[in-house]
Amino acid sequence: MKIYTKTGDKGQTSLIGGTRVAKYHLRIEAYGTVDELNSYIGLIMCQDIDSHHQQLLKEIQDRLFTVGASLAADPEKSKMKIPDLHDADITLLEKEMDDMNEVLPALKHFVLPGGNTVVSYCHIARCVCRRAERLTVALAENSFVDERVTVYLNRLSDYLFVLARKLNMDFGAEENIWIPRI
Amino acid sequence: MKIYTKTGDKGQTSLIGGTRVAKYHLRIEAYGTVDELNSYIGLIMCQDIDSHHQQLLKEIQDRLFTVGASLAADPEKSKMKIPDLHDADITLLEKEMDDMNEVLPALKHFVLPGGNTVVSYCHIARCVCRRAERLTVALAENSFVDERVTVYLNRLSDYLFVLARKLNMDFGAEENIWIPRI
Amino acid sequence: MKIYTKTGDKGQTSLIGGTRVAKYHLRIEAYGTVDELNSYIGLIMCQDIDSHHQQLLKEIQDRLFTVGASLAADPEKSKMKIPDLHDADITLLEKEMDDMNEVLPALKHFVLPGGNTVVSYCHIARCVCRRAERLTVALAENSFVDERVTVYLNRLSDYLFVLARKLNMDFGAEENIWIPRI
Ligand code: B12
Ligand code: B12
Ligand code: B12
Ligand SMILES: C[C@H]1O[C@@H](n2cnc3c(N)ncnc32)[C@H](O)[C@@H]1O
Ligand SMILES: C[C@H]1O[C@@H](n2cnc3c(N)ncnc32)[C@H](O)[C@@H]1O
Ligand SMILES: C[C@H]1O[C@@H](n2cnc3c(N)ncnc32)[C@H](O)[C@@H]1O
Ligand SMILES: [Mg+2]
Ligand SMILES: [Mg+2]
Ligand SMILES: [Mg+2]
């Protein structure tokens with residue numbers, strides 16, 4: 001089967017459940033941005049980092065598809081069984097942060113993003129995650145969104161921040177902080 | 001001549017044809033995002049990939065400037081000769097996909113983005129392309145947009161997906177698929 | 001202290017000054033996008049480029065946090081001393097562009113983004129900067145924004161363009177221009 005179906009050439013597309021909506025519908029914006037985030041997770045994952053982190057990032061990719069399916073399902077119509085986020089998916093991120101924080105110096109200032117390439121990718125992914133969160137919160141204002149989805153994205157951007165710091169430390173790069181100019 | 005003209009310091013800018021519009025006008029959002037996409041194409045192009053793909057990506061960059069000029073022209077006022085997209089630009093992408101698909105295994109699941117750096121860049125570019133498509137479709141709702149522009153962007157994101165798979169195969173990386181958790 | 005405070009789990013957050021706003025508020029979109037831009041600056045900075053450029057990029061990162069603080073302060077309520085942008089921050093970028101332009105060939109056409117990896121990153125950052133500018137201009141329409149913030153972002157995207165050209169030249173890569181197809 002061809003990948004290009006041409007069914008979206010007129011600017012509309014289908015939610016799970018079949019409803020046709022414009023491609024600029026907030027629901028599409030939201031899961032389209034989760035897709036963008038997922039691509040950045042893939043970029044981080046294939047750099048030369050600890051396999052423990054790679055394993056977790058792969059699990060996060062799986063969860064982001066779960067998020068995508070949840071966001072793509074028409075809340076009014078879909079009778080399909082959609083995979084669900086669990087509370088354990090959120091606490092897993094929290095546990096990971098707690099573990100990494102144990103070895104990281106306490107922070108009282110903002111960190112200047114950077115250090116090396118993969119650390120920078122984490123910071124970019126963190127910001128794309130927050131962009132996805134903003135769109136998802138906006139969507140939740142007018143339409144049903146599983147509450148775990150916004151919580152998951154909120155926690156994930158914090159995880160990516162801590163991961164950036166941890167990788168920076170592992171690579172022995174300096175951590176530069178922001179000291180406001182008076 | 002200096003690159004910085006300061007003419008946009010107050011937040012307005014000119015379309016082709018001279019009309020002044022706010023920088024957050026949907027038309028500017030649309031071609032600004034095509035510009036972002038074009039930068040990602042440049043990033044993919046300068047990685048170590050087959051020269052056939054590089055050549056095509058260079059042609060795509062040219063077409064995206066054509067798309068940019070088309071979007072930047074005030075439909076009411078511009079009397080300037082703007083370069084046009086042709087049907088052949090779209091069928092070229094389709095032919096490329098057909099060729100690549102011949103050697104790729106059939107797909108029945110989503111692919112976890114990643115594999116290696118350039119493959120990941122393709123996935124990111126694919127998502128930026130879809131973001132540009134969404135803005136262009138939104139613009140077309142209220143204002144004239146050449147229909148070929150939205151079709152081209154729709155086809156281009158599919159091309160970038162197939163290119164990601166093809167490069168992944170060429171580099172001998174594993175293709176991980178998404179199996180929904182129940 | 002834990003990085004994740006969970007205070008934003010319901011989709012709201014606090015400006016400097018304490019006012020609670022939705023995370024999709026234009027003010028948050030604006031500084032969230034400046035944060036994304038700052039991450040790209042970090043990515044460019046940690047590539048193998050001249051230390052003069054690295055030093056300037058580090059200063060730009062500092063200024064972007066200043067921009068962030070300025071945008072994050074509730075204009076009605078915040079009594080906090082927020083660090084300010086100075087006119088000199090803007091003229092510094094202009095001087096840098098003038099210096100680089102002296103050694104660069106004059107330009108009469110658009111440049112196809114690309115050349116090598118770091119040059120491509122500059123083009124992407126340039127486009128993210130313009131995205132941040134669009135959001136900031138939109139915000140300024142309904143709410144107070146320090147005028148220097150939009151001017152700074154406008155100048156910064158031009159600086160990133162000239163930097164892209166300069167690095168391209170330093171690395172000896174070809175500069176491809178866009179010749180419109182009739
Ligand atoms: C939501 C959605 C997305 C979302 C989110 C998915 C998520 N869960 O996070 C995002 C934005 C990521 C997405 C991206 C793409 N999608 Co999509 N997507 C859908 C949609 C609307 C629902 C899929 C879903 O999640 N279902 C819920 C899950 C739990 O149940 P499911 O339906 O059994 O899902 C399975 C799922 C898991 O087993 O994989 C499936 N699948 C079966 N055959 C194929 C073939 C292909 C090529 C793909 C990619 C998937 C696929 C199948 O959909 C369907 C259309 C529809 N209404 O069903 C299109 C659909 C599956 N997508 C399609 C395409 C082409 C793509 C993209 C290649 C587009 C692009 N150029 O970027 C990418 C591929 C991304 C990737 N990494 O593989 C096509 C596939 C056409 C084909 N040849 O079979 C469909 C059918 C839409 C269409 N054009 O008609 N998509
Ligand atoms: C639309 C547009 C864009 C769009 C889309 C372009 C496209 N076709 O896809 C995008 C968003 C990509 C863009 C980006 C930039 N642009 Co512009 N753009 C325009 C605009 C409005 C129309 C250009 C166009 O496409 N015309 C249609 C084509 C078919 O006809 P044309 O006019 O003959 O086009 C030629 C074109 C091809 O031959 O190259 C030209 N050109 C002539 N001299 C120069 C000098 C420079 C520095 C550049 C970049 C181009 C350029 C010239 O415009 C003009 C202003 C205007 N109203 O004309 C500004 C303009 C050309 N842009 C300008 C600038 C500064 C830029 C950026 C450097 C901004 C930035 N910081 O990112 C980048 C450069 C990107 C690159 N890769 O080279 C300036 C150039 C100032 C100067 N010193 O000459 C102009 C004049 C606007 C202004 N400030 O007054 N731009
Ligand atoms: C605006 C803002 C941002 C903006 C812009 C900042 C800018 N200036 O450009 C952006 C979007 C970049 C941002 C990002 C983040 N932020 Co913030 N941010 C704020 C906010 C609203 C104001 C900060 C500010 O600029 N103040 C103005 C400056 C001049 O004065 P100041 O208040 O003394 O600022 C200092 C500043 C400079 O010295 O560093 C501070 N600081 C003190 N302790 C800590 C601890 C941490 C972990 C951090 C990151 C900073 C920090 C402290 O805020 C505060 C909450 C609030 N209402 O105060 C949260 C806050 C500081 N942020 C927080 C967090 C968690 C983050 C992120 C990690 C979120 C994420 N997952 O991406 C990142 C970190 C980015 C980085 N590079 O370090 C938390 C810190 C929680 C904690 N454990 O202490 C706060 C307290 C919000 C909250 N959840 O309650 N943030
Ligand atoms: C660290 C600071 O970032 C802001 N904040 C919280 N969530 C988001 C988001 N999704 N995008 C951008 N900014 C956000 C809040 O102001 C918080 O205090
Ligand atoms: C693969 C799925 O992606 C969605 N889709 C189609 N076009 C876009 C776009 N520009 N941006 C985000 N999502 C899109 C549709 O739901 C389609 O079925
Ligand atoms: C070079 C051209 O880019 C457009 N332009 C000016 N500012 C922005 C921005 N922030 N984002 C996108 N496009 C912009 C104008 O049309 C200008 O002429
Ligand atoms: Mg948060
Ligand atoms: Mg499509
Ligand atoms: Mg400008």
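Reader: Where does ligand 6 lie, and what makes a residue near this ligand?

Author: Ligand 6 lies between chains B and C. A residue is near a molecule if one of its heavy atoms lies within 4 Å of it; the residues surrounding ligand 6 include Ser14(B), Glu133(C) and Arg134(C). This is a predicted model, in which local features need pLDDT of at least 70, side-chain atom pairs count only at pLDDT 80 or more, and totals for chains, interfaces and linings use all residues. Residues are numbered from 1 along each chain as its sequence is written, chains are lettered from A and ligands numbered from 1 in the order written, and side-chain values use heavy atoms, without hydrogens and water.

Reader: Why is the pair Arg63(C) and Glu59(C) called a salt bridge?

Author: A salt bridge requires a side-chain nitrogen of Lys or Arg within 4 Å of a carboxyl oxygen of Asp or Glu. The closest N and O atoms of Arg63(C) and Glu59(C) are 3.2 Å apart, so the pair qualifies.

Reader: How do you know whether Arg63(C) and Glu59(C) are buried or exposed?

Author: Buried means under 20% relative accessible area, exposed over 50%, and partly exposed in between (1.4 Å probe, protein chains only). Arg63(C) has 9% and is therefore buried, whereas Glu59(C) has 33% and is therefore partly exposed.

Reader: What makes the salt bridge of Arg131(A) with Glu36(C) a link between chains?

Author: The closest N and O atoms of Arg131(A) and Glu36(C) are 3.1 Å apart. Arg131(A) lies in helix H4 (residues 117-142) of chain A and Glu36(C) in helix H1 (residues 26-45) of chain C, so two chains are joined. Helices here are DSSP runs (H or I, at least four residues), numbered from the N terminus.
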